[in-house]
Amino acid sequence: MKIAQILQLEPQQQALTVQGWVRTFRANRFIALNDGSCLGNLQCVIDFEQTEESLLKKISTGAALSLSGKLVASQGAGQKVELAVEKISLLGAADPEEYPIQPKKHSLEFLREKAHLRVRTSTFSAVMRMRSALAFAVHQFFQQKGFYYVNTPVITGSDAEGAGEMFRVTTLDPKNPPQTDEGHIDYSQDFFGKETNLTVSGQLEAETYALGLGEVYTFGPTFRAENSNTTRHLAEFWMIEPEMAFYDLNDNMDLAEAFIKSVLGYVLEHCQEDLAFLDERFQKEEQAKPQQQRSSMGLIEKIRFVVDHQFIRISYTEAIEILKNSSPNKKKKFTYPIDDWGVDLQSEHERYLVEKHFNCPVILYDYPAKIKAFYMRMNDDQKTVRAMDILFPGIGEIVGGSQREERLDVLEERITAMGIDKKELWWYLDLRKFGTAPHSGFGLGFERLVQFATGMGNIRDVIPFPRTPQNASF
Ligand code: 4AD
Ligand code: MG
């Protein structure tokens with residue numbers, strides 16, 4: 001039986017068997033056993049006089065055990081029930097001289113080096129259970145709304161974001177690649193007969209499905225070879241990308257806001273134990289920070305705030321005005337000062353808007369065309385596009401999306417102006433030739449959502465095996 005279930009039972013001398021890993025072993029008598037099913041451990045009491053000395057020696061933190069016995073009322077404080085053990089089977093010992101996860105506080109940095117074992121700590125097991133619950137909530141939200149889940153390719157020949165930050169996929173010999181007469185690498189001899197990469201986004205393919213199935217979403221891995229060594233960037237991350245026919249930008253913003261509130265509401269309801277633990281951890285971490293950087297709210301309070309409050313919606317142009325006149329800008333505190341309309345916003349600006357000015361999630365829309373991707377719908381001012389980003393406290397950008405350019409001539413013009421090869425996008429342009437329709441979508445970075453919901457400061461700690469520059473261990 002799983003420990004999560006056992007801890008809900010009334011003690012009635014029931015006979016049962018549990019299997020899990022030892023968290024602590026005290027006084028040759030008390031085993032705190034955890035099986036990952038919940039945060040709590042089951043206290044298991046053994047009769048050491050009846051237990052062989054050689055077996056007792058092998059019961060240590062990290063060992064896998066199968067324990068059978070009777071469930072009785074606990075004598076000690078802190079738990080309602082305990083297992084009076086009658087039979088112990090050692091499934092696998094963990095030599096205490098070597099086993100790195102000891103019952104004491106380990107730093108997150110240390111645990112990143114032990115990513116294959118860190119899920120056996122309370123913090124990481126709580127984070128990963130929350131991650132799983134959030135993934136379920138994502139599917140539930142869209143499925144209940146009648147969206148279809150589509151799987152877009154991981155290997156692609158197109159650069160969806162046009163940012164050129166892609167990992168190449170090839171089977172050519174790196175030492176001696178075939179060459180064309182002009183001395184370029186001859187990709188016609190590569191596995192796919194052309195240059196291919198790991199996808200940076202499933203959006204373009206999702207658009208084709210939206211213009212047939214109506215409302216769809218993807219939820220899959222995406223890859224970016226950007227050399228960003230920050231607490232918010234991964235080279236491999238998971239993205240949720242809904243794409244909807246007949247939605248304009250306002251419909252898109254409404255959906256994104258409802259979506260985020262729904263999945264956060266789900267964990268508030270279904271992950272109470274893990275959330276309470278992570279909240280305590282979060283508040284301790286915040287206490288260690290200098291006063292000005294401290295979050296004014298606890299973790300659960302923060303999540304509830306987002307669920308209960310309307311997101312602020314302002315245009316890029318309004319945001320620039322606020323930033324231009326802000327005190328950090330006037331006092332030259334920004335690394336990138338805001339002088340003119342048209343500049344890209346850096347995370348320091350986004351955080352100022354969200355954490356200082358509004359103190360609330362913010363949706364920015366109608367960005368300058370120059371700083372956004374080719375597929376976003378041009379506004380009548382010919383300067384801005386129907387883009388929207390959602391900015392979150394402590395996270396920055398959590399969602400990026402837009403209404404898509406559905407007019408063939410306008411889209412072709414943008415593609416040419418941005419120096420993108422039209423040939424690769426023939427199928428994307430076909431959508432605008434055959435039954436084109438207004439449509440919109442967005443992408444939500446799943447790990448940034450998990451970060452927000454768990455209060456973890458570093459994105460490397462919310463995905464089992466993070467991939468970042470210079471790091472692809474495990
Ligand atoms: O803003 P981005 O680049 O938008 C797109 O890829 C669009 N094709 C989405 C769409 O409209 N269908 O990325 C979307 C989100 C960001 O807001 C951020 O949350 C996350 O993906 N993201 C990353 N998360 C972790 N590590 C990275 N390197 C990320 N880059 C983007
Ligand atoms: Mg973006």
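This passage describes the surroundings of ligand 1 and three helix-helix contacts in a predicted model.

The environment of ligand 1 comprises 24 residues, of which E161, Q203, R224, E241 and E397 come nearest. Polar atoms of several side chains are placed close to heteroatoms of the ligand. For R224, a polar side-chain atom lies 2.7 Å from an oxygen atom of ligand 1, while for E241 an N or O atom of the side chain is 2.7 Å from a nitrogen atom of ligand 1. A nitrogen atom of ligand 1 is also found 3.0 Å from a polar side-chain atom of S201.

Q203, which is among the residues that come nearest to ligand 1, also takes part in the contact between helices α5 and α13. Helix α5 spans residues 203-213 and helix α13 spans residues 426-433, and their axes come within 10 Å of each other, crossing at roughly 30°. Because angles under 35 degrees count as roughly parallel, α5 and α13 are therefore described as roughly parallel to each other. The crossing in which α5 passes α13 is left-handed. On the side of α5, the contact is made by Q203, L204, E205, E207, T208 and L211, and on the side of α13 by W427, Y428, L431 and R432. Sorted by class, the residues of this contact of α5 with α13 comprise five nonpolar, two polar and three charged.

A further pair is formed by helix α7 (residues 272-287) and helix α8 (residues 299-308), whose axes are 7 Å apart and which pack at an angle of about 110°; α7 and α8 are therefore roughly perpendicular to each other. In this packing, L275, A276, L278, D279 and F282 of α7 meet L299, I300, K302 and I303 of α8. The contact of α7 with α8 contains seven nonpolar residues and two charged residues, with no polar residue.

Helix α8 also meets helix α14 (residues 446-454), the two axes coming within 8 Å and crossing at roughly 120°, and α8 and α14 are therefore oblique to each other. The residues that make this contact are L299, K302, I303 and V306 in α8, together with F452, A453 and T454 in α14. By class, the contact of α8 with α14 divides into five nonpolar residues, one polar residue and one charged residue. L299, K302 and I303 of α8 thus appear in the contact with α7 and in the contact with α14.

Conventions: Residues are numbered from 1 along each chain as its sequence is written. Chains are lettered from A and ligands numbered from 1 in the order in which they are written. This is a predicted model: local features need pLDDT of at least 70, side-chain atom pairs count only at pLDDT 80 or more; totals for chains, interfaces and linings use all residues. Side-chain values use heavy atoms; hydrogens and water are left out. Axes are lines fitted to C-alpha atoms, for helices over the stretch in contact, and angles run from 0 to 180 degrees between N-to-C directions. Helices (H or I, at least four residues) and strands (E, at least two) are DSSP runs, numbered from the N terminus. Angles under 35 degrees count as roughly parallel, over 145 as roughly antiparallel, 65 to 115 as roughly perpendicular and the rest as oblique. A crossing is left-handed if the near helix is turned anticlockwise from the far one by less than a right angle, and right-handed if clockwise. Contact means heavy atoms within 4.5 Å. Ala, Val, Leu, Ile, Met, Phe, Trp, Tyr, Cys and Pro count as nonpolar, Asp, Glu, Lys and Arg as charged, and the others, Gly among them, as polar. A residue is near a molecule or strand if one of its heavy atoms lies within 4 Å of it. A polar contact is a pair of N or O atoms within 3.5 Å; within protein, one must be able to donate a hydrogen and the other to accept it, and residues adjacent in sequence count only if both atoms are side-chain atoms.
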